[in-house]
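Hi,

Here is the structure I promised to pass on. Have a look at it first, and then read my notes below.

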Amino acid sequence: MSPSAPRLVATDLDGTIVRSDGSISARTVAALARVERAGARLVFVTGRPPRLMGDIVSAFGHRGLAICSNGALIYDLHSGSVVDERPIRPSELAEAARRLREVAPGIGLAVEYADELAGDDRYQAGAWDADVTVQRLDDAKLLGRPAPKLIGRHPTLSADELLALAAPALDGLVTAYHTNGERLVEAICLGVNKAAALAELSWRQGITPAEVAAFGDMPNDLPMLDWAGTSYAVANAHPAVLAAVDRVIPANDEDGVAGIVELLFPGRS
């Protein structure tokens, strides 16, 4: 028996529908096209900022909404514009920067906006930033305006090691997490996460959690997966995610999400 179709499908990108080589399969594109065609909502939920959504738009066209920067920005792919924002205030940015430098000496800091990236002199650009010009600013300018996300990269500490230091230091000020980026820790406004953004978006559309199917792979997906009525983890997911979801499905490289969406929305290719 085919399961009932949800009114909203929410999926993470990297590691979930994006394959290990960075590609998105034609099968996945075709499967997710069924969602809006059936009258349901399609929401991409990602740690990426809008400036890194170009390949998603190229693959799927101007279809769906994206919750970007782990919930700090709502990006409308139909119009190509940011429609909502939950930034960190300058006073909180400055204090978070001070605490991170204190607990992780040598860390480089940057602030990530919808369409630009600025950093201090220590910040080392990663693979995602290869084609981006990082503005080098002093603290007054770097931390002097609201920003969706504060990020820090350390020359030697792993993401897990950084988070172990950052989470207690930043507790009650901002929310710290990582998405397995190389030597990278990230922070967003307190109370902001994928679940909170998805819940608000769903409420505005009159959609209940029970009517939502969500897909993910990393611990920062856990609030969203816990909130959704039905949660799925791809087989390559983090162990904590595999242990928390309703169903484990084939890996991202095996188009696991596409297979489930085809079952949820049959005969709509």
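Below is what came out of going through it, from the whole chain down to one helix.

First, keep in mind that this is a predicted model.

The protein chain holds nine helices and 14 strands. Its radius of gyration is 18 Å, close to the 18 Å the globule rule gives for 269 residues, so the chain is as compact as a globular protein of that length. If you want a feel for the dimensions, the C-alpha atoms fill a box of roughly 55 × 35 × 35 Å along the principal axes.

On the inside, 51% of the 269 residues are buried. Of the contacts between residues at least 6 apart in sequence, 58% join residues at least 24 apart.

As for the outside, the accessible surface comes to about 11,400 Å², and carbon and sulfur atoms account for 51% of that. Charge-wise, there are 25 positive and 35 negative side chains, with the centres of the two sets 4 Å apart.

The helix I looked at in detail is α1, which runs over residues 26-37. From first C-alpha to last, its 12 residues reach 17 Å, close to the 16 Å expected at 1.5 Å a residue. Which of its residues are buried? They are T28, V29, A31, L32, A33, R34 and V35, so to speak the inward list, with an arginine on it. The cover over these buried residues includes two strands, β1 (8-11) and β2 (41-45), and two helices, α2 (54-60) and α9 (256-264). After α1 comes G39, which has a positive phi, near 95°.

Cheers

Terms used
Residues numbered from 1 in each chain as written. Predicted model: local features only at pLDDT ≥ 70, side-chain atom pairs only at ≥ 80, totals over all residues. Heavy atoms only, no water. Helix = DSSP H or I, 4+ residues; strand = E, 2+ residues; numbered from the N terminus. Rg over C-alpha atoms; globule rule 2.2 N^0.38 Å. Buried < 20%, exposed > 50% of the residue type's maximum accessible area, 1.4 Å probe, protein only. Contact = heavy atoms within 4.5 Å. Areas by Shrake-Rupley, 256 points an atom, 1.4 Å probe, with all protein chains shown as cover. Lys, Arg positive; Asp, Glu negative; His and termini not counted. Charge placed at Lys NZ, Arg CZ, Asp CG, Glu CD. Expected span 1.5 Å × (residues − 1).
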